[in-house]
Amino acid sequence: MSEQESHGGCQCGAIRYRIDGEPLMAAIYHCTMCRRANAAPAVAWAMFQESQVVFSNGPPAAYASSPGATRGFCPVCGTQISFTADYIPGLIDITIGSLDHPEMVAPNLHYWDAERLPWVHFADDLPRYPEFPPVA
Ligand SMILES: [Zn+2]
C-alpha cells in the first residue's frame with residue numbers, strides 16, 4: 001500500500017490537519033453520542049494512530065463528552081474534528097467529512113447499528129455491527 005498524505009480541517013479554516021498514511025479503519029457510526037455531537041443522522045469516522053495526525057495550527061478545542069472520552073472541535077465555527085478515548089489509547093478518530101477529499105476514504109463497516117435511526121438506510125452491503133466491531 002502506497003504512503004498517502006491527506007489534509008483536512010474545519011469549515012472556517014482555523015483548525016487544519018495533515019494525516020500521513022492510511023486509516024486503520026473507516027466506518028459509519030450510528031451511536032447516539034456521535035449523532036448528538038455532530039447533529040447529524042450518522043457520522044463517518046476514520047481511525048488513525050495519533051502519530052499519523054498533525055494539527056498545523058494547534059489542536060482542536062476539547063469537550064469531554066463522557067468519562068475518558070474527548071471530542072475535538074473548532075472553537076470558532078464548531079466543526080467536529082476528532083474523537084479520542086481512554087479505551088482506544090494512542091488512536092484518534094477523524095471525521096471523514098472534515099477531510100479535504102472525503103471521497104478518498106470509504107467506510108468499510110457500520111457500527112452501533114443497534115442505535116441507527118429507523119429512517120436511515122445506506123444502500124451498501126458492508127458489515128453491520130450492533131455495537132462495537134470485533135476489532136476496535
Ligand atoms: Zn473553524
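A residue is buried under 20% relative accessible area, exposed over 50% and partly exposed in between (1.4 Å probe, protein chains only). The model is predicted: local features need pLDDT of at least 70, side-chain atom pairs count only at pLDDT 80 or more, and totals for chains, interfaces and linings use all residues. Residues are numbered from 1 along each chain as its sequence is written, and side-chain values use heavy atoms, without hydrogens and water.

**Exercise 1.** Identify the residues that coordinate the zinc ion and assign the geometry of the site.

*Solution.* Step 1: donors are N, O and S atoms within 2.8 Å of the metal (3.2 Å for Na, K and Ca); water is not among the atoms, so sites may look incomplete. Step 2: the SG atoms of Cys10, Cys12, Cys74 and Cys77 coordinate the zinc ion at 2.3 Å. Step 3: four donors are tetrahedral if all angles lie between 85 and 135 degrees. The angles among the four donor atoms are 105 to 114°, and the site is tetrahedral.

**Exercise 2.** Describe the spacing of the zinc donors along the chain, then classify Cys10 and Cys77 as buried, partly exposed or exposed.

*Solution.* Step 1: the donors follow the pattern C-x1-C-x61-C-x2-C. Step 2: Cys10, in the loop between β1 (5–9) and β2 (16–20), and Cys77, in the loop between β7 (69–73) and β8 (80–85), are 67 residues apart and link distant parts of the chain; strands (E, at least two residues) are DSSP runs, numbered from the N terminus. Step 3: Cys10 counts as buried because its relative accessibility is 9%. Cys77 counts as partly exposed because its relative accessibility is 30%.

How values were computed
Tetrahedral: all angles 85-135°; square planar, octahedral: opposite > 155°, others 65-115°. Helix = DSSP H or I, 4+ residues; strand = E, 2+ residues; numbered from the N terminus.
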